[in-house]
Amino acid sequence: MNPRALTLSTLGPLCAKSSTHAKRNRGGRPKAAKNPVEPLWFQLGLLVAVLVLAAAPLGAQTVPIAELLKDPAVSAAREFARQGELRVIEDQVELTEVAAPGFKEGPRGLLMKRKFEELGLRNVRIDRVGNVIGERPGLSARPNLVLAAHLDTVFPEGTDVRVKREGTLLRAPGISDDGRGLAVLLGVARALDAGRVQTRGSMTFVADVGEEGLSDLRGMRELFGVTLKDQIDAFVSIDGTDHGITTVGVGSHRYRVTFRGPGGHSFGAFGLVNPVHALGRAVAKIADLQVPREPKVTFNVGRIGGGTSVNSIAADAWFEMDMRSSDAAALGSIDASFQKVVDDAVREENERWNNGRLTVTKDLVGERPAGRTADSAAIVQTAIAVSKALGLLVGLGEGSTDANIPMSRGIPSITVGGGGKGTGAHSPAEAFDATDSWKGTERVLLLVIALAGK
Ligand SMILES: [Zn+2]
């Protein structure tokens, strides 16, 4: 298998940012409205929203966002987040300039570990797959909120990751995805400390491995399955830029399908079963598969290959298949249909000639579970309330992110943007505009305080 080609074939829709952007824009201002003075209806609307959407999803008590905003420690932490954004940008640049291709996140992980230690997080450690973990104890160990950002990038070894600055614009592969998330993770820990914010529940900060491409969320699988098994009550991932809230985790199954036969001369051995013909039958059947519009289900044969020469009956042929849905049952259903038509294609080719025998293998080369956190869930309502309280546009969206794993396990979880404006994610032209990016840091800060309880 050619991992590079597969990685390239996964660009775009895999990461949250490409699909979170205001897909389901709820109750936010129209994007064009940039008046420095908010209309009265909007201010009143905010107030109502803040009062109605009280936030205490993890604890028993209810702490309205409006109350939080009056808290002196919270105010001090917010002020620090606003004033300390330059430091966040510095971290973002420093982290981005340490290359972190998938499965080679070690050096960037060590840098995060040192920064966690400098920030005074407790029990800082690196687990066996490379996740960096640091704790910020609250008044009690539970509930425990995990705040995470991913270390890995889609860029291969040798990519020039030096950051070029042009005013507020920073250019470098990975500067937004997820250099921004990692920097905000540190900025939030620093602001909590500066404000001496004491939360009821505890927080665990995680810089995780294996979010992108063929890594298949291996960092999250280890975190939820082993490292912090049964110790996570809620999960927030900071991934990329802007202010989106991802509540739907798009799942995917990827296969490499290989047909094998005896092979032979195209003239002399004519009448022999043919792997390329079987592949053609299979792809034609796949092309005719019917899928629902809602929930959205997609399928794609991305690459095909095989054969020896134009005058040979091939001994093998292969194709690569990608299927996605945010609905686990629908994903299972399209997978079953795919399996059946491939088996049918092989049987038909064998029956057509009854000469030689074709076999097929379907290797699962990528798998991400689907999941969702209900819009009505406290963690989503809190994220909306916090965003509105800060006057930010609220957009709920779907994507394939670290939160897929907790979502698939029924643990309250979302992925949020880290603020600022990102362009060209997953491309060498990736850039980050730091204009007003402190708003992202402040929002995540307020969100984690609301979730952990004050
Ligand atoms: Zn990302």
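A crossing of two helices is called right-handed if the near helix is turned clockwise from the far one by less than a right angle, and left-handed if the turn is anticlockwise. The views below are all taken from a predicted model.

**View 1. Helix H5 passes helix H14 in a right-handed crossing.** Helix H5, which covers residues 72-83, packs with H14 at an angle of about 155 degrees, and the two axes are 8 Å apart. Because angles over 145 degrees count as roughly antiparallel, H5 is described as roughly antiparallel to H14. On the H5 side the contact is made by Val-74, Ala-77, Arg-78, Ala-81 and Arg-82, which meet Trp-438, Thr-441, Glu-442, Leu-445, Leu-446 and Ile-449 on the H14 side. Sorted by class, the residues in this contact of H5 with H14 are seven nonpolar, one polar and three charged.

**View 2. Helix H5 also crosses helix H8, and this crossing is right-handed.** The axes of H5 and H8, the latter being residues 179-194, come within 7 Å and cross at roughly 135 degrees, and the two helices are therefore oblique to each other. Here Ala-76, Ala-77, Phe-80 and Ala-81 of H5 meet Gly-187, Ala-191, Leu-192 and Ala-194 of H8. The contact of H5 with H8 is made up of seven nonpolar residues and one polar residue, with no charged residues.

**View 3. The largest nonpolar core of the model has 79 residues.** Leu-147, Leu-185, Val-188 and Val-448 are the residues with the most contacts inside this core, and helix H14, residues 438-452, gives the most to it, with ten residues. Val-188 can be followed outwards from its own position: leaving out residues up to four places away in sequence, Val-188 touches Leu-147, Thr-441, Val-444, Leu-445 and Val-448. A second core, separate from this one, has 28 residues, and among them are Ala-282, Ile-286, Val-297 and Val-346.

**View 4. Ala-99 sits in the loop between helix H6 (85-96) and helix H7 (106-118).** With 19 other C-beta atoms within 10 Å, Ala-99 is partly exposed. When its neighbours within four places in sequence are left aside, Ala-99 is in contact with Glu-157, Thr-159 and Val-161. Pro-173 is 74 residues away from Ala-99 in sequence, yet their C-alpha atoms are 9.3 Å apart in space.

**View 5. Two loops of the model each contain a cis peptide bond before a proline.** One of these bonds joins Arg-142 and Pro-143, with omega about -5 degrees, and Pro-143 belongs to the loop between strand S3 (132-136) and strand S4 (144-150). The other joins Glu-294 and Pro-295, where omega is about -5 degrees, and Pro-295 is placed in the loop between helix H10 (275-287) and strand S12 (297-306).

**View 6. Arg-196 has a positive phi although it is not a glycine, and Leu-217 is another residue other than glycine with a positive value.** Phi is about 50 degrees for Arg-196, which lies in the loop between H8 and strand S7 (202-208). For Leu-217 phi is near 60 degrees, and Leu-217 is found in the loop between S7 and helix H9 (218-227). Arg-196 is exposed, with 10 other C-beta atoms within 10 Å, whereas Leu-217 is buried, with 26 other C-beta atoms within 10 Å.

Conventions:
Residues are numbered from 1 along each chain as its sequence is written. This is a predicted model: local features need pLDDT of at least 70, side-chain atom pairs count only at pLDDT 80 or more; totals for chains, interfaces and linings use all residues. A nonpolar core is a set of buried Ala, Val, Leu, Ile, Met, Phe, Trp, Tyr and Cys residues joined through C-beta atoms within 7 Å. A residue is buried if 20 or more other C-beta atoms lie within 10 Å of its own, exposed if 12 or fewer, and partly exposed in between; C-beta atoms are placed from the backbone. Helices (H or I, at least four residues) and strands (E, at least two) are DSSP runs, numbered from the N terminus. Two residues are in contact if their C-beta atoms, placed from the backbone, lie within 7 Å. Axes are lines fitted to C-alpha atoms, for helices over the stretch in contact, and angles run from 0 to 180 degrees between N-to-C directions. Angles under 35 degrees count as roughly parallel, over 145 as roughly antiparallel, 65 to 115 as roughly perpendicular and the rest as oblique. Ala, Val, Leu, Ile, Met, Phe, Trp, Tyr, Cys and Pro count as nonpolar, Asp, Glu, Lys and Arg as charged, and the others, Gly among them, as polar.
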